[in-house]
Amino acid sequence: MTDPGQWYSQLPRFTRYWLTCTVVLSLLTRFNILPMHLVYLRRDAVFGDFQLWRCVTALFVYPLTSSTGFHFLINCYFISRYIAQLEKEQFGRSPADYLYMLLIVAFLANVGGMLFSVSNS
């Protein structure tokens, strides 16, 4: 069994970035260092107030609570296992293609999130 540092350094580049952003931003919002109302995707804030960072942070922030902690761990497992496998096996020789795929998926996720958003009120 490898130690956590060695395991982390063996993850493919984009998977390591994705996992790091997910864990760090989710913990920052959980402990209210970064308020959740500043990072979730809101159509009126993106287009009306030009808060474009919401398009990026909404991809990485998972709303951690005491009831969603296990689900967050499962999501992190999927990121570290299956996304790493996809990056290594399908895009191992072309990381630019993998980055392009991630950008397209992120764009579509944001469009879907803005089209089918649920209001907070």
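These are my notebook entries on one protein chain, looked up in a predicted model.

**Entry 1: overall layout**

I started with the secondary structure. The protein chain has six helices and zero strands, and reading along the sequence gives me α-α-α-α-α-α. For dimensions I took the C-alpha trace, which spans about 50 × 35 × 20 Å along its principal axes.

Next I checked burial. Of the 121 residues in the protein chain, 27% are buried. The chain exposes about 8500 Å², and carbon and sulfur atoms supply 66% of that area.

I also looked at how the contacts are spread along the sequence. Counting contacts between residues at least 6 apart, I get 60% that join residues at least 24 apart.

**Entry 2: charges**

The charge tally for the protein chain is 9 positive and 6 negative side chains. I compared the centres of the two sets, and they lie 3 Å apart.

How many salt bridges does a search of the whole structure find? It finds one. The partners are D44 and R42, with their side chains meeting at 3.0 Å, N to O. That N to O distance counts because the cut-off for a salt bridge is 4 Å. My side note on the principle: side chains of opposite charge can pair when their charged atoms come close.

I then asked how covered the two partners are. D44 is partly exposed at 48% relative accessible area, and R42 is partly exposed too, at 26%.

**Entry 3: R54, a charge without a partner**

R54 sits in helix 4, which covers residues 53-60. I flagged R54 since it is buried yet has no salt bridge. Which side chain of opposite charge is nearest to R54? That is D49, at 6.7 Å. The 4 Å limit explains why this pair does not count as a salt bridge.

So what does R54 touch, leaving aside its neighbours within four places in sequence? I listed H37, L38, V39, Y40, L41, R42, A45 and V46. One name there I had already met: R42 is in contact with R54 and is also the salt-bridge partner of D44.

**Entry 4: positive phi**

I went through the backbone for positive phi in residues other than glycine, and noted two cases.

N32 has a positive phi of about 60° and is not a glycine. Its place is the loop between helix 2 (13-30) and helix 3 (43-48). N32 is exposed, at 55% relative accessibility.

F50 is my second note, with a positive phi near 60° in a residue other than glycine. I found F50 in the loop between helix 3 and helix 4. Is F50 buried or exposed? Its relative accessible area is 62%, so it goes down as exposed.

**Entry 5: nonpolar surface patch**

On the surface I looked up a nonpolar patch of about 790 Å². The residues that make it are Y100, I104, F107, L108, V111, L115 and F116.

I followed up on Y100 from that list. Y100 lies in helix 6, residues 95-115, and counts as exposed at 55% relative accessibility.

**Entry 6: helix 5 and some distances**

Helix 5 runs over residues 69-89 and holds K88. H71 is in helix 5 as well. I noted their accessibility: K88 is exposed at 52%, while H71 is partly exposed at 44%.

Then I took C-alpha to C-alpha distances from both to T15. K88 and T15 are 73 residues apart in sequence and 9.7 Å apart in space. For H71 and T15, I wrote down 56 residues in sequence and 19 Å in space.

Just ahead of this helix I picked T68, whose place is the loop between helix 4 and helix 5. How far is T68 from Q90 in space, C-alpha to C-alpha? The distance is 31 Å, with their positions 22 residues apart in sequence. As for what T68 touches, leaving aside its neighbours within four places in sequence, I have Y62 and P63.

Methods: Residues numbered from 1 in each chain as written. Predicted model: local features only at pLDDT ≥ 70, side-chain atom pairs only at ≥ 80, totals over all residues. Heavy atoms only, no water. Buried < 20%, exposed > 50% of the residue type's maximum accessible area, 1.4 Å probe, protein only. Patch = residues over 30% accessible without salt bridge, like charges linked within 9 Å, V, L, I, M, F, W, Y side chains within 5 Å. Areas by Shrake-Rupley, 256 points an atom, 1.4 Å probe, with all protein chains shown as cover. Helix = DSSP H or I, 4+ residues; strand = E, 2+ residues; numbered from the N terminus. Contact = heavy atoms within 4.5 Å. Lys, Arg positive; Asp, Glu negative; His and termini not counted. Charge placed at Lys NZ, Arg CZ, Asp CG, Glu CD.
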